[in-house]
Amino acid sequence: MELLKFLLFMCLMTGACALETRSHLKISNNGYQLLVVAVHDSVPDNPALFEKIKTTFTKASKVLYTATRNRAYFQKIFFLLPNTWTNRPEYKPSTSVTISGADIIFSAPRSTRRNFSHTRMYAGCGHQGFHTQLLTDIFSNSHPLVQRSPEKFIVHEFAKLRYGVFEEYSSPGENQFYFSTTFGRLDPVRCTVGLRGIIKNAQGFCLFSSIDPESGEFPAGCAYIPYPYRANGTASMMDHQYVRELDPSTSLPYFKNKKVSVNQDCEFNMKFLYLLLIFVVTLRHSAGTHIRIKNNGYELVVVAIHESVKENAQMLTSLKKIITDSSKVLYAATRHRAYFRKVFFLIPSTWSSGLADKDSTSVNLRDADIIISDPSSVSRRSYPRTRSYAGCGHRGIHIQLRTDVLFNSRHPLVQGKPEKYLVHEFAKYWYGVFEEYPNPGENQFYFSTTVGRADPVRCTTGLRGRIMKKTQSGIQICSYDSIDPDTGEFPEGCVYYPYPSHNQGTASMMDHSYIQEIKDFCDDDQTPGHFSHNVEPPNRQNRLCSHRSTWDIISNTPDFLNNANPPGSLSDSQLTPQFIVFRAPSRRRRRLAVVLDPPQEFHKRLRLHQAVDHFLTEGFDDKTKVAIITNAAHRKGTRMRSRRSAAVKSSLQSIDQFYSLSTMRSRIRRGIEILKKSNSTKEGMEFHLIVISCNNQSGFETEVLQEMATTGITPHFIHCGENGIENMEKIRLQGGHAESRNQRSIFYAVQRLSDKLHDEKDVSVQISNENIELDGDTAYHSEFSLDDSLRGELTIRLHYSASEPSVQVVAPNGSECTYKSTDRKLRYIRLTSLVSHNEQGKWSITIKNKTPNKESINVLVMLQPIISEDEVPIRTNAWVKVFHEHSPPRVGVYAEVMNGGHPVVNANVTAHVYHEDRKVAVIPLRDSGGGFDIMKNDGIYSNSFTEIESQGRHYVEVMIEDVLTNSEIHRTYEIQLPTEKDTEDDQHDLHAPRLDYHTEKIPLRHRLKRSTSSGEFHVDHRWDSLSCGYDYPPARINDLTVTRVNRKDRKVSLSWTATGSNLDKGRASSFEIRYHTNGTALVLNPKKGMLVKKDMLGDTSGRPKEAGQVETVTVQFPAKMKWVAIMLRSIDENNTAGEFSNMVTTYFVL
């Protein structure tokens, strides 16, 4: 544990573990650096416009230098261009600079609510604003605010953004004239009287003598028009800055920087850095993985052995050798850019301590990157796989391996090369690439428009093999001549077997990696003789990654982008990882120092105390010791005590206690002192400092976190105030839990913390968590169901705010739950019942408010399950991922519903998104394999959140309620088919055995009900403006398939999962289908494909279906076409199109 803490401490101190490094505009030696100018993707690719922008900023730098009296200029500017623009040699890909962090954003003029250039501000005079939004039409010489001087207009807006100054002319809707006490008459609104102009209307000039003496106003329609030149004086740049004489030296703020003499011809030759917007890959949803890469070496990779695996010292030795060999394979596959430098093993507590270097409390199974289990374990899926959810280029959840696969040299996916198989799975997990061979259940063959016939699904045509089928007389070769001209398919039973050797080319590691020649990832190198990525086959890589090669995806991840971790020349000995073996403790001895900082309002303070009592009472064993710190000055009673002790209960019951006698910092200091005194070297000892603050104190300071890292104390922070958490990412990097919540969801917050502090088998299952408002003298009736997977101790906690209500809980057999306890000081009722198979089914709760006053009640239903190797409960987990590569960023909402390692499908899952206390969206989550959901029936339910108008902190509560009892557990088992031999080819007489899967579908007899929550996410104030007034485009279709072909009439029936008009929400307005006779050409430029017109469509209502539904359409293609490749995309009511789908192919005539 000490070594891990030290590594995390060093990682934290050096900043090497940072998830993202933001650039901030700063001034150094009079020069502004790191100014980010972004071009919105609404602006079409226009090199001439881009040159004009650069020229304008060069001129603006000189204007700013003069305006600030030789004190400031633009020294370094980052330009961020859309990924739709053509890449050029001078452009560098970006992962850290995003449009949401830009200072100035250029967008195309559109008919939206923001169809004007403006600077968004909020903090008032002298304070910086959000950003400047400019339309490209400012380069029009006739623009009213520009008038041939766009460089001055940019300085004008920059002054508003950076210095917090404002316009000195009258904006539209404001009075153009005011009464001047200096002149005793009306005068135009302007900075100085030196700005001259004319006042006129449609009838002619408006003289001062024309002012009405009674109203004191000019005649109707009179407007002040400043002269574009001939002004007296040089101020002000915040007036009509295009006036020729204006040098704004009298209106911009005073600078502390000294005046400098700048060579106008040299120093104003600014440094531009051009960045092309590409994917930003973030860490996975949980705070689990701590993997980082440094100087080409991956460190902190955690490989956990599941407790189902019996002790085997030889297996541990073999595993070390496999990973050592994998390190060398990975180094070669990444072209000498990455290897495994440091790997942590976590062995079960049942294994001998002599096999481990250290006992562990911080490395755990749930946060492991690779989990190795026994095939007999029901709690783990019966075949190996890598769990992913976020799609191409994004990291997955973990790798699940089995001992009978990794150590079986004849396994179809291993074939004596376990080190290559491990790299294959690591690439799926870490880089977000996918298989290039067909998975069981997917088509083994496709029609190739390149060769004009059916071809095996594979990465490159350099991978050779035999197509054979088994007959009564033996093995029969399926030649290409045997393809049925009517169906275009090989005879039934024909299977493609790749040769394990004698292949051409060295790619791809994401195909059958065991093949002797394979050592690289597929790339796009078109050099003659090189076998590059094949864009046509309908494998997962092409389907989910827009037909991009695996190396294209991998090389653009943060690990290698911008020449990060450049190729090296390391020896085999240098590629050997350092292994540290940790042993899971047989018993976890927790010491918790809980620092409370409740709000002033009594009802909120009560809820906080109720939540902490729930946190300590449910789940922790009696060996857990607790100290409650409410005031650093009160040292009595703040030593470690049993969680059930009277002193701990008394501290929580003292709701009226005054908390403000000490600062948060002093309370945290007191908690650290208590934990240090409790320090012990006993096995399984762990120390946690938990801060729950509902005020606006900042929390953990950097030096405090440093001290805790060196002393083995894990920090946790739950904040339910208005401000965010200081050092949130540093807390998580030290293994802690940190999240911001509002008061309403405090029970969800402590439940998530409790889940983190427990092993998976000890985590309670939350059935429901409801907040209800019960009127006086009324009753509330509710029902919940306990499904087939639940058995154990049921607990129902009813937290009330003022007067104790009556409660009745009735089991499915009609018996009433009588095990009840009441805490009238903390104001809650607790009911418990033991649940066996006989008590599964529908339960009911009736709550009666016996007073005339309204009562706020929280009802929490949970079950502590009884777990065996053959019986595990259905569990849920939820998370949110923000995709910053899009503009505006997109938010994915995910929930997994699993029975151990087996998915639960057909569940009714909804996400309720809250902004502070207000519910802003109810989103159905789907496991359909379309849109945001990348894999059908994998137990991960997905959708997008699109309501970005509410800015600030958001969180998600996920409800699962299967009212129709449709849910099923899908248990999938691996089937290995025997090896086939080709008796007609002596050179290739050995072929890999085939792999197949069998899925057992187990319907639930009782309704499934669960509740869980995600961590927080933030909607930035810039997002809404980045949308330019439009909603998001439709999501990409990734499951387009050909369902039927009428070759005689050239009719093709297509099917896909409909996306919405707003990503996966709503209903698209239309779809655009493109086709081509060359699949490669269609993938490279879908817009150049031929358009399917309306008169070619059949079997369709003409309008797409609601998002999530199956869409079908039949297309009749022109005569004389031999074959066709097809792609499509959805279009919304604003004529905004989504990305093109995956490609499918078929033929009409061979």
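Let's start with a disulfide: the link of cysteine 459 and cysteine 522 is left-handed, with -115 degrees about the S-S bond. Cysteine 459 sits in the loop between strand S26 (453–456) and strand S27 (465–471), while cysteine 522 sits in the loop between strand S29 (495–498) and helix H7 (540–544), so the bond ties together parts that are 63 residues apart in sequence. The two sulfur atoms are 1.8 Å apart, and both cysteine 459 and cysteine 522 are buried. Keep in mind that what you're looking at is a predicted model.

That link has company, as the structure holds five disulfides. One of them joins cysteine 206 to cysteine 222, with an S to S distance of 2.0 Å. Here the torsion about the S-S bond is about -80 degrees, so this disulfide is left-handed. Cysteine 206 and cysteine 222 both lie in the loop between strand S13 (204–205) and strand S14 (223–226), so the pair ties together parts that are 16 residues apart in sequence. Both of these cysteines are buried.

Another of the disulfides pairs cysteine 694 with cysteine 720, their sulfur atoms 1.7 Å apart. It is left-handed, with -70 degrees about the S-S bond. Cysteine 694 belongs to the loop between strand S34 (685–693) and helix H12 (702–711), and cysteine 720 to the loop between strand S35 (713–719) and helix H13 (728–733), so the bond ties together parts that are 26 residues apart in sequence. Relative accessibility is 8% for cysteine 694, so that residue counts as buried, and cysteine 720 also counts as buried, at 9%.

A couple of other cysteines are worth a glance. Cysteine 125 counts as exposed because its relative accessibility is 65%. Cysteine 817, with a relative accessible area of 11%, is buried.

Helix H13, which follows the loop holding cysteine 720, takes us on to charged pairs. Side chains of opposite charge can pair when their charged atoms come close. In this model there are 50 salt bridges. One of them is between glutamate 729 and arginine 732, at 3.3 Å from N to O. These two are three residues apart in helix H13, so about one helical turn separates them. As for why that spacing is handy to notice, an α-helix has 3.6 residues a turn, so residues three or four places apart point the same way. Glutamate 729 counts as partly exposed at 35% relative accessibility, and arginine 732 is partly exposed too, at 23%.

Moving to strands, lysine 842 forms a salt bridge with glutamate 783, and their closest N and O atoms are 3.8 Å apart. Lysine 842 is in strand S43 (residues 841–848) and glutamate 783 in strand S38 (residues 779–786), so this contact ties together parts that are 59 residues apart in sequence. Glutamate 783 counts as partly exposed, at 37% relative accessibility.

Then there's arginine 1074, whose salt bridge with glutamate 1072 has its closest N and O atoms 2.7 Å apart. Arginine 1074 counts as buried at 16% relative accessibility, and so does glutamate 1072 at 9%. Elsewhere, salt bridges with shared partners connect Asp613, Glu618, Lys649, Arg797, Asp823 and Arg830 into one network.

Last stop, helix H3. This helix covers residues 150–163 and reaches 19 Å from its first C-alpha to its last, close to the 20 Å expected. Of its 14 residues, 14 are buried, so H3 is largely enclosed by the rest of the structure. Just after H3 comes glycine 164, with a positive phi of about 70 degrees.

Methods: Residues numbered from 1 in each chain as written. Predicted model: local features only at pLDDT ≥ 70, side-chain atom pairs only at ≥ 80, totals over all residues. Heavy atoms only, no water. Helix = DSSP H or I, 4+ residues; strand = E, 2+ residues; numbered from the N terminus. Expected span 1.5 Å × (residues − 1). Buried < 20%, exposed > 50% of the residue type's maximum accessible area, 1.4 Å probe, protein only. Disulfide = S-S within 2.5 Å. Salt bridge = Lys/Arg side-chain N within 4 Å of Asp/Glu carboxyl O.
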